[in-house]
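Colleague: Could you zoom in on one chain for me and go through it in detail, before saying how the rest is put together? I'd like the geometry as well as the residue classes.

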Amino acid sequence: MSRRRAAQEPRWVRWSLTAIGLVFLFAFLGLPLAAVFVEALAQGWSAYVAALAEPEARAAVGLSIGIALAALPLNILFGVAAAWAVAKFDFRGKSLLVTLIDLPFAVSPVVAGLIFILLFGVNGVFGAWLTAHEIKVIFAVPGMVLATLFITFPFVARELIPLMQSQGKDEEEAAISLGASGWQMFWRVTLPNIKWGLLYGVILANARALGEFGAVSVVSGHIRGETNTLPLHVEILYNEYNQVGAFAAASVLALLALLTLVAKTVVEWRMQKEMAMLNAELPPEKTA
Amino acid sequence: MSAPHSPPRVLPGLGLGLGYALVYLSLIVLIPLGALILKSSELGLHGILDIATGERALAALRVTFGASLAAAAINGVFGLIVAWMLVRYDFPGKRLVDSLVDLPFALPTAVAGITLATLYAGNGWIGRWLEPLGLKVAYTPLGIVVALTFIGLPFVVRTLQPVIEDIEPEVEEAAATLGASRWQTFVRILFPAIFPALLTGFSLAFARALGEYGSVIFIAGNLPLVSEITPLLIISKLEQYDLLGATALAVVMLAISFVLLLAINLLQWWAANRHRGSVVEGARP
Amino acid sequence: MSRFNQFLSGLLLATAATLAQAEVSLLNVSYDVARDVYKDYNPLFQKFWKAKTGEEVTLKQSHGGSTKQVRAVADGLEADVVTMNQANDVEFLAEKGLVAKDWNRKFPNNASPYTSAMVFIVRKGNPKSIRDWGDLAKDGVQVILPHPKNTGNGRNSYLSAWAWALKQPGGSDQGAQAFVGRLLKNAPLFAAGGRDATTTFMQRRIGDVLLTFECEAELIAREFGKGEFEVVYPSLTLQTEFPVALVDKVVDKKGTRKLAQAYLDYLWSPEGQENAARNYLRPRSAELLKKYAAQFPAVKTFTVDDVFGGPAKAFATHFKDGGSFDQIYVSK
């Protein structure tokens with residue numbers, strides 16, 4: 001991805017901006033991350049491994065990953081659809097729509113859990129019906145997926161909207177006027193263009209889905225080994241004075257966040273390969 | 001506005017995209033929020049306002065919105081620097097730094113709060129340097145700002161990154177050959193291109209900060225009228241089995257957030273359109 | 001991959017109608033620091049039940065903040081039994097009709113199989129010589145406690161201080177409120193919960209005294225070392241109860257009443273009582289209290305019923321919005 005630039009900032013600007021950025025990240029992200037690992041490894045490596053090998057911890061990891069995997073596809077689909085409509089077309093109430101998409105972020109996670117209790121709790125809107133049919137939504141996995149969907153709802157859409165807006169629609173229009181079908185245009189033009197934004201959105205939504213505590217906590221029921229996600233497990237361990245266990249579990253979540261590194265590297269690598277193939281077939285001129 | 005010469009709506013997919021988006025939005029967001037508003041309406045407007053305008057509730061709203069705004073502003077400035085640095089500059093360990101940015105989302109908020117409180121307490125790694133300077137962070141409103149900055153950071157960086165990556169170098173090169181200084185290029189060309197995304201990132205970080213509870217309570221100190229946030233008052237209502245009171249506070253926060261976000265989004269929309277217009281004019285000689 | 005399959009099948013199971021379970025299972029919804037108690041207790045009961053009836057029983061545990069837990073039960077979490085650390089939480093379930101109105105007479109000892117007491121934890125050597133509640137309101141003393149309005153732990157400390165002030169010569173409710181107000185002014189922060197208060201006091205070294213349950217002192221020693229602090233028993237303190245109850249609505253629906261009743265009854269058996277003592281909770285059995293005397297020094301206690309006219313009344317007077325706690329902070 002390294003692009004040669006005729007226009008660059010002077011060296012001292014580059015260096016000082018990098019220094020500021022790194023110091024900021026070090027203070028706000030690096031130190032907390034280090035602190036988590038220091039706590040997790042306070043009693044040595046074997047205590048760390050033992051804490052993670054506990055069946056309840058393993059069940060919690062499985063449940064967390066499962067919920068994230070269940071929530072992601074729906075939100076990706078929504079994000080692309082919404083961003084397409086918002087960024088490429090003009091219609092009334094667009095800002096209203098975007099604001100409604102943002103709204104789940106402003107809702108306190110506890111309230112986010114609460115609203116699903118209001119809907120699906122025994123005294124909730126659908127409570128009587130659900131009880132009559134013996135369907136469990138809250139205090140079971142479906143409710144936790146719903147809460148996660150709500151919490152991670154805006155990510156993909158919000159990541160894509162500004163990107164697609166800044167790209168405009170010239171390329172897509174060109175594709176259509178050259179006779180491409182809607183899907184061809186989407187797969188060949190739009191998707192390659194938004195790939196990075198999409199990736200960031202997915203990564204963010206995934207990280208947030210894994211780490212969410214407040215909303216999931218309200219609808220989970222906290223049944224050990226059944227409806228305890230990793231963050232809930234962390235809380236319980238911490239309250240029980242099992243500091244090493246709590247921070248060991250938290251460090252797993254931090255490591256899952258570092259998967260960004262892997263995902264991004266893989267995408268970059270594949271893109272480079274594609275580019276190489278393209279360049280071999282086509283004349284090197286790339287038009288904007 | 002972006003391409004006035006082309007006929008409107010050549011592109012397909014508006015119906016499909018918008019339709020799906022609206023249905024899904026209704027199912028996951030609007031109906032649940034509707035249930036919340038419905039529940040709180042049992043109190044009537046008067047009842048809701050009574051709860052929201054008590055001395056403690058007002059103080060909490062001030063702390064919540066003030067700290068969220070401050071944190072979003074800090075993230076706006078530093079997030080821009082970080083995003084720029086990650087896209088444009090090369091330095092050793094860049095990938096690792098890049099992947100670190102998502103950490104605040106994956107770390108459960110409580111762990112973030114506990115860790116930050118430990119770091120910024122008087123004997124913590126950071127607090128021990130700040131406290132001799134007379135700067136108390138943990139258990140003050142400043143601590144709330146720190147926690148909210150932490151949890152909101154990925155928004156600004158991750159919203160800006162793809163947009164900065166997308167800027168065509170030709171425009172900058174052209175500006176440079178035409179004799180513009182780097183600073184002029186930044187102010188006239190780069191910043192307007194980035195600004196809409198920056199606003200988006202800012203508004204997302206702001207929104208997220210408003211609702212945040214898990215990390216804040218561990219570092220705030222939670223003293224009434226001083227360092228109490230609105231989500232804590234919502235929990236306090238729930239601890240009294242007062243579901244109605246909790247929904248009332250939640251709805252008030254929701255309404256204020258909605259208005260603020262709508263204003264930011266309108267501003268963002270205006271900036272994006274203005275920028276797109278100017279680039280189209282500028283880029284096509 | 002098997003985890004994911006497990007998750008999928010869980011999803012299906014939960015979405016589909018819940019089938020009548022082949023094996024007998026019991027869900028115990030409990031407060032958040034009870035894990036050790038019930039982790040040790042459950043195998044004891046399983047053995048007892050197997051010997052008595054030949055049945056294998058699966059025991060499921062749910063732990064969380066006490067009030068949050070009972071709200072979940074009221075909203076449909078199917079708990080057969082609740083084992084809480086606040087009487088007003090069980091009261092709430094009684095109001096909702098899930099638990100018998102006279103739940104606290106369905107079992108001995110106010111339906112609380114074990115108790116604890118609120119104590120002071122001070123720094124090694126007690127440098128500020130803190131002996132009693134009165135010392136906490138003195139100038140220059142910093143008190144660490146969890147939020148007195150939002151957490152059970154904090155509420156217990158608040159009520160203890162209030163009752164002590166009330167019992168002083170010439171004590172009145174007004175004087176008690178003023179005293180508690182002075183005490184709370186000495187709190188540089190209100191911690192998010194019991195565990196957070198401990199971390200603040202022990203790890204971040206903030207404050208001169210930590211208010212907490214007697215049983216937590218042992219957990220603190222386990223985490224931070226015994227020599228790091230001292231436990232001070234004030235002249236009068238609250239005997240905290242840990243009420244248990246059958247959730248009638250659920251056990252009748254699931255047909256688990258007999259099992260659930262036996263599960264709770266067994267808490268009063270010698271084995272159940274000894275298990276509590278081993279987990280640093282004061283057993284009701286006088287014999288065991290004597291056996292574990294070193295662990296449980298004699299202390300003068302009161303109950304919420306004695307001084308405050310019951311948990312519901314105490315809660316309404318002090319911790320509801322506009323109650324005595326709010327009056328301390330809000331001018332009007």
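Modeller: A quick word on terms, then: the domain bounds I'll quote come from an automatic or database domain assignment. Keep in mind that this is a predicted model.

Let's take chain C as the close-up. The assignment cuts chain C into domain 1, made of 19–113 + 242–291, and domain 2, made of 116–240 + 300–329. Measure from C-alpha centre to C-alpha centre and you get 28 Å between domain 1 of chain C and domain 2 of chain C. Where they meet, domain 1 of chain C puts in 11 residues and domain 2 of chain C puts in 10. On the domain 1 side, the top contributor is helix H4 of chain C (residues 87–95), with 3 residues. That side of domain 1 of chain C is a mix of 4 nonpolar, 5 polar and 2 charged residues.

Now for the strands. Chain C has an open sheet of 4 strands, ordered S2-S1-S3-S10, and the pairing is mixed. Strand S2 (57–63) and strand S10 (244–246) of chain C sit at the edges, each with a pairing partner on one side only. Ignoring direction, the average turn between neighbouring strands in this sheet is 20°. As background, strands of a sheet pair through backbone hydrogen bonds, either parallel or antiparallel. If you want one pairing to inspect, try strand S1 (residues 24–30) of chain C against strand S3 (residues 81–83) of chain C: the two run parallel and are joined by 3 bridges. One spot to click on is Val29(C), whose bridge partner in S3(C) is Val82(C).

There's a helix pair in chain C that deserves a look too. Helix H7 (residues 152–167) and helix H8 (residues 173–185) of chain C pack with axes 8 Å apart, at an angle of about 130°. An angle between 115 and 145 is neither roughly perpendicular nor roughly antiparallel, so H7(C) and H8(C) come out as oblique to each other. The crossing of H7(C) and H8(C) is right-handed. From H7(C), the contact uses Tyr158(C), Ala161(C), Trp162(C), Ala165(C) and Leu166(C), while H8(C) answers with Asp173(C), Gly175(C), Ala176(C), Phe179(C), Val180(C) and Leu183(C). Sorted by class, the residues of this H7(C)–H8(C) contact are 9 nonpolar, 1 polar and 1 charged.

Stepping outwards, what does chain C touch? It meets chain B, with 22 residues of chain B in contact with 22 residues of chain C. On the chain B side, helix H3 (55–88), helix H6 (109–120), helix H11 (216–220) and helix H12 (230–239) each provide at least two residues. H12(B) gives the most to that side, with 4 residues. The side of chain B that touches chain C holds 11 nonpolar, 8 polar and 3 charged residues.

Chain B itself has 13 helices and 0 strands. Along its principal axes, the C-alpha atoms of chain B occupy a box of roughly 65 × 55 × 30 Å.

Chain B also makes a contact with chain A, which takes 98 residues from chain B and 91 residues from chain A. Helix H1 of chain B (residues 14–40) gives the most to the chain B side of it, with 15 residues. By class, that side of chain B counts 66 nonpolar, 18 polar and 14 charged residues.

For a helix pair spanning chains A and B, look at helix H4 (residues 94–106) of chain A and helix H10 (residues 182–211) of chain B: their axes come within 7 Å and cross at roughly 40°. That angle makes H4(A) oblique to H10(B). Asp102(A), Phe105(A) and Ala106(A) make the contact from H4(A), facing Ser203(B), Leu204(B), Ala207(B), Arg208(B), Leu210(B) and Gly211(B) of H10(B). The contact of H4(A) with H10(B) breaks down into 5 nonpolar, 2 polar and 2 charged residues.

Last stop, the domains of chain A. They are domain 1 (9–40) and domain 2 (43–281), and the C-alpha centres of domain 1 of chain A and domain 2 of chain A lie 26 Å apart. Their contact takes 5 residues from domain 1 of chain A and 8 residues from domain 2 of chain A. The domain 1 side in chain A comprises 4 nonpolar, no polar and 1 charged residues.

Note on methods: Residues are numbered from 1 along each chain as its sequence is written. Chains are lettered from A and ligands numbered from 1 in the order in which they are written. This is a predicted model: local features need pLDDT of at least 70, side-chain atom pairs count only at pLDDT 80 or more; totals for chains, interfaces and linings use all residues. Two residues are in contact if their C-beta atoms, placed from the backbone, lie within 7 Å. Ala, Val, Leu, Ile, Met, Phe, Trp, Tyr, Cys and Pro count as nonpolar, Asp, Glu, Lys and Arg as charged, and the others, Gly among them, as polar. Axes are lines fitted to C-alpha atoms, for helices over the stretch in contact, and angles run from 0 to 180 degrees between N-to-C directions. Angles under 35 degrees count as roughly parallel, over 145 as roughly antiparallel, 65 to 115 as roughly perpendicular and the rest as oblique. A crossing is left-handed if the near helix is turned anticlockwise from the far one by less than a right angle, and right-handed if clockwise. Two strands pair if DSSP finds at least two bridges between them.
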